[in-house]
Amino acid sequence: MAAPRAQVVCRPHGYSKCPSHTGQKLSLCCINCDTLVCVRCVTSRFHRGHEFEDLSEAVQRETEKLQQILNTNENSDLVQIKNDVSSIKIEMAKNKVKHDNISALIKLRVREIKEEADKQAEILLGDCEENETENHGRLLDYQARLENQQRDCEEQINMLKMTLQSGNEIGVFDTRHSTKSFVLGSAPLKLAAYQPSTSVSEVVSMALGSLVWPMKQSKEQRPTSRPLKHNPTAERWQQWPKAERLQAASRIVSGGNEPRKHRRRPPRNESREKFLAEFTNNFHQVTKTLIQEHRKTMLMMN
């Protein structure tokens, strides 16, 4: 059974006197406590049953260890650190050049978007002005027809008044064939309205694009993985016909945790092309969601 370690009294670094016994010089090393002691500590109850060695022997052993550490620091660690510092400076320069190029591309894209927006706005404003001019001409024509009907209506009113006031029965009877009715309609305008396709932020974001971070990692950054084990399920999956594998993948995409009887299956009269198109659309939506979640995670980590 190993001897218990003694209660070590704090000693300042480089101090050569025993902190437990005043005036005593440190001349021995307690192997059990891994500390320097004086000759009086050997007989104390704190170091009873411990093994000791001369200070010179302990110093020689520790000197060899420190020399090994010095050689490792000087010949390996320091060289590696300097190389890393140099590589960091190179990477910083590459990083600046890369992001300067990205910034230039973004600014170029912004100018292209502005130019295209001005072109599209000019086309829309031209169509709006053309429609306004056309409606203005139609309103002028309709105004002229209304003025003619107003004049005819006033003349007919005067004629009817005179006929009724004359009291001539023959005249009243014959006048019924000379009257006409006035149909009041509306102007045949070509009405227009402006309806944006979607929100401005979505349109600009879609046209401008976004930053992407490659998923590839260097060999030093790749985590070490265990060798793949035998997977009989994967072998059976490869042995399935292609159509059955597509159906199984579609069930997984549309909700693989549901019971089998509730899982979505293509109707018998549904064409194979339509089913494949729906499956591809669902797969792309799931992939897009996973990529967005990964980007959010990477942004939070950065």
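Let's start with one pair of side chains: arginine 61 and glutamate 62 form a salt bridge, and their closest N and O atoms are 3.9 Å apart. The model you are looking at is predicted. Neither partner is buried, because arginine 61 has a relative accessible area of 32% and is partly exposed, and glutamate 62 also counts as partly exposed, at 32% relative accessibility.

Glutamate 62 has another partner, lysine 65, again with the closest N and O atoms 3.9 Å apart. Both of these residues belong to helix α2, which covers residues 55-166, and they sit three residues apart, about one turn of the helix. Lysine 65 is partly exposed, with a relative accessible area of 43%.

Further along helix α2 you can find arginine 138 and glutamate 134, which are four residues apart, about one turn of the helix. Through shared partners, salt bridges join Glu53, Arg61, Glu62 and Lys65 into one network. As for arginine 138 and glutamate 134, they form a salt bridge with their closest N and O atoms 2.8 Å apart. Arginine 138 is partly exposed at 29% relative accessibility, and glutamate 134 is partly exposed at 31%. In total, the structure holds six salt bridges.

Now step back to the whole chain. It has seven helices and three strands, and from the N terminus on they follow the order β-β-α-β-α-α-α-α-α-α. Of the 302 residues, 10% are buried. The chain exposes about 26100 Å², with carbon and sulfur atoms supplying 56% of that area. Among contacts with a separation of 6 or more, 44% come from residues 24 or more positions apart.

Where do the nonpolar residues of the largest core lie in the sequence? The eight that make up this core are Cys18, Leu26, Leu28, Cys30, Cys33, Val37, Cys38 and Cys41. Cysteine 38 is a good residue to click on here: leaving aside residues up to four places away in sequence, it touches Cys18, His21, Gln24, Lys25, Leu26, Ser27 and Leu28.

Nonpolar side chains also appear on the surface. Ile106, Val200, Val204, Leu208, Leu211 and Trp213 make a nonpolar patch of about 530 Å². Helix α4, residues 200-208, gives the most to this patch, with three residues. Leucine 211 instead lies in the loop between α4 and α5, the latter spanning 232-239. With a relative accessible area of 48%, leucine 211 is partly exposed, so it lies above the 30% cut-off for patch residues.

Key: Residues numbered from 1 in each chain as written. Predicted model: local features only at pLDDT ≥ 70, side-chain atom pairs only at ≥ 80, totals over all residues. Heavy atoms only, no water. Core = buried A, V, L, I, M, F, W, Y, C linked by side-chain atoms within 4.5 Å. Buried < 20%, exposed > 50% of the residue type's maximum accessible area, 1.4 Å probe, protein only. Contact = heavy atoms within 4.5 Å. Helix = DSSP H or I, 4+ residues; strand = E, 2+ residues; numbered from the N terminus. Areas by Shrake-Rupley, 256 points an atom, 1.4 Å probe, with all protein chains shown as cover. Patch = residues over 30% accessible without salt bridge, like charges linked within 9 Å, V, L, I, M, F, W, Y side chains within 5 Å. Salt bridge = Lys/Arg side-chain N within 4 Å of Asp/Glu carboxyl O.
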